[in-house]
Amino acid sequence: MTSANPTGEQYRISHGDHEAVVTEVGAGLRTYSVGGVDVVHGYAVDDECHSGRGQHLMPWPNRIRDGRYSFGGVGQKLALSEPERHNAIHGLVRFTPFRLVAHTSDRVEQHLRLFPQTGWSGILDLSVVHSLGDGLTVEVTATNVGPAAAPFGYAAHPYLTVGESRVDEVSLSIPAADYLEVDERLLPVAITSVQGREYDCRDGAVVGARQFDTAFTTLARDADGRWRVRLRDGERETTVWGDDACGWVQVFTGDSLSPALRRASGIAVEPMTCGPDAFNDGVTHAGMITIEPGKSITLLWGIDAKA
């Protein structure tokens with residue numbers, strides 16, 4: 001009997017010198033390279049996915065305080081998947097196998113039906129499509145196939161690299177006017193201007209000793225309606241972009257990872273539809289999406305690289 005991979009079947013796609021591998025488990029982005037040079041800091045086929053690496057976070061991203069929220073007048077209590085901070089973290093689908101719908105040389109489409117469970121009563125059909133052209137484009141669709149409205153939020157969790165040995169060396173450009181202040185549990189306190197603070201990377205700044213596990217919003221967009229976060233080191237540049245559904249981006253420099261990976265395994269740049277704890281009333285609640293029965297939301301994000 002052949003042993004299974006920890007992340008299930010592996011779906012390889014390519015276009016020109018672009019190549020990526022997407023996993024069955026979580027529909028995750030395990031690797032992405034251009035011309036044989038890594039663009040994402042992924043993991044080996046025989047490794048378990050760790051640190052959210054390349055995962056999709058649905059039906060909420062980041063954290064929910066105490067695992068509790070109310071929707072439609074009904075209180076919900078989720079499992080505390082971040083027990084050290086007493087939070088529910090990163091949704092319900094990260095370690096669930098997605099069904100393969102289509103796989104061509106440059107495109108893979110996967111689906112999952114998310115059913116009711118402890119702390120969640122919606123029924124959503126979730127579609128994730130990874131495709132390669134001049135860069136990587138990811139299309140995510142959530143469709144409410146249940147009898148009642150459902151709350152929804154999304155984030156992706158890729159770790160980007162520009163060939164650095166440590167993230168301190170990377171120049172980071174984040175087109176955000178505001179960032180989210182958080183407490184010791186990384187839960188929202190206030191949305192605050194980046195002006196005059198270490199979080200102001202609108203003109204680009206070398207990371208150095210700064211530590212980011214920070215959500216940004218009020219994002220400046222280019223003529224195509226997309227915001228872009230850029231990482232540079234010498235001649236190399238990697239860009240993450242998000243469409244108009246992605247009103248937030250989280251940047252994480254890996255300071256809480258294990259000693260072997262700390263600040264040495266890429267910078268997570270996470271397109272998000274909402275900030276942490278958006279299911280609860282508070283400073284991020286306006287970002288929560290409500291999907292009515294029979295309705296869908298579709299969003300796009302992607303990665304471009306210059307080797």
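This note comments on selected features of a predicted model, from its first strands to its charged and aromatic side chains.

1. The open sheet. Strands of a sheet are held to one another by backbone hydrogen bonds, and they may pair in a parallel or an antiparallel way. Here four strands make up an open sheet with antiparallel pairing, in the order E1-E2-E3-E4. Its edges are strand E1 (10-15) and strand E4 (37-38), each of which pairs on one side only.

2. Pairing of E1 with E2. These two strands run antiparallel and are joined by six bridges. One position to find in the structure is arginine 12, whose bridge partner in E2 is valine 21. E1 and E2 form a hairpin with two residues between the strands, and glycine 16 in this hairpin has a positive phi near 60°.

3. Pairing of E2 with E3. Strand E2 (residues 18-23) pairs with strand E3 (residues 29-34) in the antiparallel sense, over five bridges. Within this pairing, tyrosine 32 in E3 stands opposite alanine 20.

4. Salt bridges. Side chains that carry opposite charges can pair when their charged atoms come close. The model has 15 salt bridges. One of them is between arginine 85 and glutamate 82, at 2.8 Å from N to O. Is each partner buried or partly exposed? Arginine 85 is partly exposed, because its relative accessibility is 25%, whereas glutamate 82 is buried, with a relative accessible area of 4%.

5. Two further salt bridges. The side chains of arginine 228 and aspartate 222 also meet in a salt bridge, with an N to O distance of 2.8 Å. In this pair the arginine is the buried partner: arginine 228 has 15% relative accessibility and so counts as buried, while aspartate 222, with a relative accessible area of 36%, is partly exposed. Another salt bridge, at 2.8 Å from N to O, is formed by arginine 232 and glutamate 237. Arginine 232 is partly exposed, with a relative accessible area of 32%.

6. A salt-bridge network. Arg166, Asp168, Asp255 and Arg263 are joined into one network by salt bridges that share partners. Arginine 263 deserves attention in its own right. This residue is in the loop between strand E24 (248-252) and strand E25 (267-272). Although it is found in a loop, arginine 263 counts as buried, because its relative accessibility is 7%.

7. The surroundings of arginine 263. Which side chains does arginine 263 meet in polar contacts? Its side chain has a polar contact of 3.4 Å with that of aspartate 168 and one of 2.6 Å with that of aspartate 255. When neighbours within four places in sequence are left aside, the residues in contact with arginine 263 include Ser165, Arg166, Val207, Arg210, Gln211 and Thr253.

8. Aromatic pairs: tyrosine 159 and phenylalanine 252. A pair of aromatic rings is described by how far apart the centres are and by the angle between the planes. There are seven aromatic pairs in the structure. The rings of tyrosine 159 and phenylalanine 252 have centres 6.4 Å apart and planes at 75°, so this pair is edge-to-face. Tyrosine 159 belongs to strand E16 (residues 159-160) and phenylalanine 252 to strand E24, so the pair ties together parts that are 93 residues apart in sequence. Tyrosine 159 is buried, with a relative accessible area of 1%, and phenylalanine 252 counts as buried at 7% relative accessibility.

9. Aromatic pairs: tyrosine 199 and phenylalanine 216. This aromatic pair is edge-to-face, at 6.5 Å centre to centre and 65° between the planes. The pair links distant parts of the chain, 17 residues apart: tyrosine 199 is in the loop between strand E19 (188-193) and strand E20 (205-206), and phenylalanine 216 is in strand E21 (residues 213-219). Tyrosine 199 is buried, with a relative accessible area of 19%; the cut-off for buried is under 20%. Phenylalanine 216 is buried, with a relative accessible area of 0%. Tyr199 and Phe216 form one aromatic cluster together with Tyr179 and Phe212.

10. Charges over rings. Tyrosine 159 appears once more here: the charged end of arginine 53 sits over the ring of tyrosine 159, 3.7 Å from the ring centre. In a further case, the charged end of arginine 226 sits over the ring of tryptophan 241, at 3.6 Å from the ring centre.

Definitions and conventions:
Residues numbered from 1 in each chain as written. Predicted model: local features only at pLDDT ≥ 70, side-chain atom pairs only at ≥ 80, totals over all residues. Heavy atoms only, no water. Buried < 20%, exposed > 50% of the residue type's maximum accessible area, 1.4 Å probe, protein only. Polar contact = N/O pair within 3.5 Å; in protein donor to acceptor, adjacent residues only side chain to side chain. Contact = heavy atoms within 4.5 Å. Pairing = 2+ DSSP bridges. Salt bridge = Lys/Arg side-chain N within 4 Å of Asp/Glu carboxyl O. Phe/Tyr/Trp six-rings, centres within 6.5 Å; stacked < 30°, edge-to-face > 60°. Lys NZ or Arg CZ within 6 Å of the ring centre and 35° of its normal.
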